[in-house]
Each structure stands twice: as structure tokens, then as C-alpha cells.
Amino acid sequence: MSTDNMTNQESSTKRKKIQKIGVFTSGGDAPGMNAAVRAVTRAAIAHKLKVVGIRRGYQGMIEGDFINLKSTDVSGIMHQGGTILKTARSKEFRTPEGREKAYQQLKKAEIDAVVVIGGDGSFTGALVFSQDYDIPFVGIPGTIDNDIYGTDYTIGYDTALNTVVEAVDKIKDTARSHGRIFFVEVMGREAGLLALSSGIACGAEAILIPESSDNGSSLNRFLAKGYKDKETSGIVMVAEGEEAGGAMKIAEQVRKDHPDLDVRVSILGHIQRGGNPSAQDRIAATKMGVAAVDALLDDQKSIMIGLMNNKIVHVPFNKAIKLNHSIDEDLIDIQKVLLTNQ
Ligand code: ATP
């Protein structure tokens, strides 16, 4: 990217600084993380760099849980969900003492630069670390929520969306056979995009998400009109962070208010994180992995690699962390139109 304005000599001088990079996955796992690890490893090796896999996120960094990665070590992992490097949440890294230990381990292993694959918490950790230490970090967004500012896309979202759609299609079969209303809860403590998109893809009758103030009325419209008039089944998608407190609580209230309805709840839970990554997740992870190595070689630090309009962008960590990724209002409007026409 930024090499466009440099002479080849300037570029190769810069490129000599880094000889060994570390790569790790952190926070919640997301399908496609392995494809990113593979791309980072292979791109780095193509640039004649050595690569070290840091296992178990920041905790493994503190403990020096490192493995050398060769090209063959990342063969056959592209299609696997989860992360071969494992992931963890580390309380110790939140302390200055923990970060000092991590720094000493990185120095001891002669790691010059690091690629972190995770969510905004993982990028916050990298930013805090970089305020005290001189090892550059570049991030790749990996989270099924797709809620990070500065990128249209995070690794894992597409696979999770397809997993939810497949599960809800099955629930619909039984809902229709029995004339039941199912409240289906999907992941998203603070972000409703997964619930909103899957609800649209499944033709849900109502969608309840943290970003909308209209949840109660859209549900009531469906219960009062959509359901009663049609005397049929229904799917209500609920993001786990929805303000009323999740699918269980909402269903309980609906049972009280409408004792005549046959109300069921299905919480999809951790199946949403697993499974073989979709082609889209594999491709996005690969693009971002290659771009992360390029960015480090171009002397970039404390940035996240993003995809905007299918093009690689660099987003400073402090923006990616602090600014809100607003939900696609068009999707909310589309859902309202469809409900109004019931
Ligand atoms: P997900 O979106 O799946 O939750 P995440 O990357 O946001 O992924 P977090 O658990 O929030 O996951 O963060 C991952 C790790 O980053 C934490 O366990 C911690 O070690 C480190 N981290 C997060 N915030 C900070 C911070 N303020 N200071 C130092 N380290 C931090």
C-alpha cells in the first residue's frame, strides 16, 4: 500500500528491520481464524521471515508458549473451525506486570513484530502494550459479531450467519407443524447484526436487537396481527443483548400475556462459533493475513487491517476500538416494511 511512494531501495531497507514475526489468536474463537494464521505464516515465509505461533492468546505470550511455524505446519487447516493456536482471555495481561513478562518473552524469542487476530478487546490489549514497548502489533478482526468500526467485515461472521440460518430453517419446520412461536436467541451481547441478518434471511416475523428502540412494538404488532390473523407459526429472532433480557425472559412475558399461544424458546449457543469456515470467511481471512504482513513490513503499527468495499484498509487501533460500528439501518427499514405488510 504505502510503498507506492517509496523507491525500491527505501522499501527494502525498511523491509530488513523485521526478521521474525509472532502470530496469535485472542478473545472468542471465530471460524476462519485458521485461514488467517495460515495466510500470515505463508506470506511471512514468502518474505523470508521466520514465524512463531503464540499459543493461548496473551496468556501464552506471558508464559512463552511459542511454537515455530513452517509452511507445512499450516497445511490442511484452512477448512477447520476454531484455532490451532488456541485462544484465551488473560487477566494477567491487563496488569503492567503481565505485559512486562509478555515483552520479556517476545524479546527472548527474538520476535520483532506481532499479528493479533481477535476482537476489539484484543486490539485494546495491543494498544496498551504498545504505549510502553517498541514491538509493533497489527490486528486482523476475527469475531462472529461483525461489530468492529472501520471494516465492513470481520472473520467468522459469514460462517456464523449461515449456521444460524441453517438451524432456524430446521426450527421453522417443527414450528410450522405444531403452530408454535419460537423465540430463537443468537449471540450478540452488544451487537444485533447477526440476529438482524439471520432474521431477514429466515423470514422471521420479528427481530429484537440491542440497537433498536422499536423491539417491543414490532413484537406486539406481530402478536396482535401477524400471528392471530394468519393462525400460523412464527420465528422471533432475539439477540442475546436485547434490552428485555434475552429470549427466555421475553418468552415468559409473552406466555403470561397470551396464554393461548404455544411459545417455545431455542438458544442456539456455541454452535454459532463452530464449523468449517465459509468460502467468504476463508477468502477474507487470507486477504487480511497477507495484508497484515505487508503492513508490518511497511513499518506500520497499532493498526487493524479492514475490508471496506472489498478493498484492504488500515484503521488505527484507537479508532477501531473506540468508535461504534453502526448497524445497517437499511436492514432495519427492510424488516419494518416486511412486517407492516403482514
Ligand atoms: P470477542 O469479540 O470475541 O470478545 P475480544 O478480542 O474483544 O474478542 P476480550 O476478551 O475482550 O476479547 O479481549 C481479549 C484479551 O485482550 C483479554 O483477555 C485481555 O488479555 C486483553 N485485553 C483486553 N482489554 C485489555 C486492556 N484494557 N488492557 C490490557 N489487555 C486487555
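**Two domains and the interface they share**

Across the interface of domain 1 and domain 2, seven residue pairs are found in polar contact, both partners at pLDDT 80 or more, where a polar contact is a pair of N or O atoms within 3.5 Å, one able to donate a hydrogen and the other to accept it, and residues adjacent in sequence count only if both atoms are side-chain atoms. The count of salt bridges between domain 1 and domain 2, by contrast, is zero, taking a salt bridge as a side-chain nitrogen of Lys or Arg within 4 Å of a carboxyl oxygen of Asp or Glu.

I should say early that this is a predicted model, in which local features need pLDDT of at least 70 and side-chain atom pairs count only at pLDDT 80 or more, while totals for chains, interfaces and linings use all residues. Residues are numbered from 1 along each chain as its sequence is written, and side-chain values use heavy atoms, with hydrogens and water left out.

Domain 1 covers 3-156 + 277-322 and domain 2 covers 158-273, with bounds from an automatic or database domain assignment. Their C-alpha centres lie 36 Å apart, and the contact (heavy atoms within 4.5 Å) takes 14 residues from domain 1 and ten residues from domain 2.

The area buried between domain 1 and domain 2 is about 1000 Å², with 49% given by carbon and sulfur atoms; this is the accessible area (1.4 Å probe) that two parts lose on being put together, summed over both. On the side of domain 1, D29, I144 and D145 lose the most area to domain 2, together 45% of what that side buries.
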